[in-house]
Amino acid sequence: MTVPIHSSRDLRHFTLSLILLAAFAGIAGCAKDHSSGSLVSPPDWVVVPSGGGHAKSATRTYIDNGGSTSCIECHGADLTGGTSKVSCFENPSGCHHGPVAEWVASGSVTQQHGTSAKGGTDGSSMYACQICHGSDFAGTASAPSCLNNAACHGTGVVSPHPSKWRTSTGGASNHNTTDTANAPVCHGCHAYAGTANPNNPTIPTSPASAGTAPGCFNGTMCHNDAAAPHALGATWQDPASGGSAFHGTTAKADLTYCQTCHGTAPRSFGGGTGATTACTTCHTTAEAHPTDWQGVRAISTASISHRTSANRTAACGICHNVTAAGAGPNPSAPSCFSATYTNGSGQARSCHSGGPGSASHAVPFFDNTTHTQATTASFTSGCGDCHAVTGTSPVSGAPLCTSCHITDPRDVTNCTSCHANPPGGASTAYPNVAGAHATHIALNGSGTPVACSTCHNGLGSGTLSHYERTRPTRVSPASVAFVTTYNAETGSSAFDNSSLLRCTNVSCHGGQATPNWQTGSITVTSQCTSCHALGTAQYNSYN
């Protein structure tokens with residue numbers, strides 16, 4: 001549409017209108033921004049101190065935009081509020097790590113900032129540090145400089161990391177556990193030419209071609225002519241080598257690290273510019289890991305399982321869909337949300353129908369044909385993937401068997417992993433109190449079948465009620481629920497779970513209140529009326 005302008009006054013009005021429209025558009029844009037405060041945010045947008053969804057989004061945007069962030073559009077150039085009126089630093093919950101204990105504590109085993117800076121691009125990383133501390137880490141109006149800070153990185157150290165970043169052994173002060181996705185940031189100082197850092201390496205014998213993306217081992221930076229950062233040959237491939245000398249152990253620490261040399265685009269492990277060796281030469285089906293990666297196996301001293309791998313979200317996400325059902329980057333790789341999967345060797349394996357981190361079975365798991373019938377063989381091939389009988393479970397959060405079962409439940413007959421069948425013996429502790437169990441079970445020989453379900457109807461092994469009473473917070477004594485066959489004429493049978501511990505309205509006892517289950521008794525030759533009453537009001541009346 002063309003708007004005719006007839007005078008300078010019209011021109012001024014028109015210009016003012018455009019300015020107002022731009023301002024309103026900016027405000028509207030911020031209204032859609034995923035900030036906290038009064039604005040609407042998606043679930044887990046802000047999670048302290050990990051960052052949540054907004055941290056990952058901000059970091060990814062910063063990288064994609066070549067070092068600029070759209071956060072300032074609403075939060076202000078210094079991120080202290082802007083038009084959104086939401087500061088990135090004054091949230092009472094402690095956004096952006098300020099109040100986190102020991103965030104920058106020197107020598108602390110719990111300090112956060114070093115570990116965060118060494119992370120990948122999922123919300124932490126050195127990229128994320130640059131958003132506030134500047135692309136050169138020299139500080140901004142909203143964040144201090146990371147350079148020349150004697151209290152942090154050492155006196156006279158002009159770098160955003162400790163002075164012994166290269167040579168220190170392990171821990172947060174060693175660069176060798178830094179996610180290699182940070183290589184372009186490191187390249188800003190550690191390129192082999194054109195920088196002022198006196199510790200730059202020399203120009204490599206075979207420098208990478210122009211335009212090669214910065215990497216740790218591809219002729220663009222430090223480890224240019226050095227041997228591979230790991231053992232080679234038979235030692236590297238032999239599980240008996242143990243520890244970091246075996247490639248499987250190192251790969252499980254972070255598979256994304258291997259991509260630096262062995263292929264990165266988009267998910268290839270078929271060899272790269274840093275190393276022509278292809279992982280697919282040995283792992284022909286699963287490309288970057290053994291085919292039967294789902295289960296738990298041991299080869300020599302090495303555990304062969306994805307369950308004990310680190311950085312699973314990023315590493316598994318190279319091939320798998322780790323956030324929902326459906327195909328991932330590798331269309332033939334199953335989603336972590338699959339209920340079942342048949343691998344390349346024809347083996348049926350259970351997955352996480354509820355997603356990564358969830359159990360591959362119902363919770364609570366009181367299935368009477370699988371859970372309660374576990375054997376050593378079935379435990380090893382299935383349950384042992386997540387659970388241990390005692391000690392520490394392979395998967396954090398998976399309860400030990402002995403959390404519920406008093407003894408090792410493998411290869412026992414149902415009840416006997418917690419009590420005798422029926423409960424008895426010398427024990428006086430729940431759930432193996434003898435009480436009058438043996439006396440009642442002995443009645444089987446008198447014509448009327450008596451079993452656990454006679455008095456514990458619907459509460460036996462494999463039921464939810466039984467499962468709940470085996471949890472660590474046990475409730476004693478056991479629940480009692482009689483089958484209706486044993487109701488007295490005067491009402492429904494019941495058991496007093498208080499200190500009286502007695503049955504009432506049970507037809508066998510003529511509707512009379514019984515002695516204490518654990519300590520009481522009667523003399524049947526002289527106390528007939530304890531069960532048999534005169535008249536016809538009960539089934540077992542002596543009339």
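I began at the residue that follows α5, Gly-134, and noted that its phi is positive, near 95°. The model I am reading is a predicted one, and I keep that in mind for every entry below.

I then went to the other end of the helix, where Ser-125 caps the N-terminal end of α5, with a side-chain oxygen 3.3 Å from the backbone nitrogen of Tyr-127. Next I looked up burial along α5 and found that 7 of its 9 residues are buried, so the helix is largely enclosed by the rest of the structure. The buried ones are Ser-125, Met-126, Tyr-127, Gln-130, Ile-131, Cys-132 and His-133.

I turned to the largest nonpolar core, which has 15 residues, and listed those that touch the most other members: Leu-79, Met-126, Tyr-127, Ile-131, Cys-132, Phe-137 and Val-185. Two elements, α2 (52-64) and α5 (125-133), give two or more residues to this core, and the largest share, 4 residues, comes from α5. For Ile-131 I recorded contacts with Ala-58, Thr-59, Tyr-62, Thr-69 and Leu-79, leaving aside residues up to four places away in sequence. Apart from this core I found another, of 9 residues, among them Ala-251, Ala-315, Ile-318 and Ala-333.

My last entry concerns Asn-540, which sits in the segment after β6 (503-504). I asked myself whether Asn-540 is buried or exposed. Its relative accessible area is 16%, and because buried means under 20%, I entered Asn-540 as buried. A polar atom of the Asn-540 side chain lies 3.2 Å from the backbone oxygen of Cys-531, and Asn-540 also touches Ser-507, Cys-508, His-509, Gly-510 and His-532, again not counting residues up to four places away in sequence.

Definitions and conventions. Residues are numbered from 1 along each chain as its sequence is written. This is a predicted model: local features need pLDDT of at least 70, side-chain atom pairs count only at pLDDT 80 or more; totals for chains, interfaces and linings use all residues. Side-chain values use heavy atoms; hydrogens and water are left out. A nonpolar core is a set of buried Ala, Val, Leu, Ile, Met, Phe, Trp, Tyr and Cys residues joined through side-chain atoms within 4.5 Å. Buried means under 20% relative accessible area, exposed over 50%, partly exposed in between (1.4 Å probe, protein chains only). Contact means heavy atoms within 4.5 Å. A polar contact is a pair of N or O atoms within 3.5 Å; within protein, one must be able to donate a hydrogen and the other to accept it, and residues adjacent in sequence count only if both atoms are side-chain atoms.
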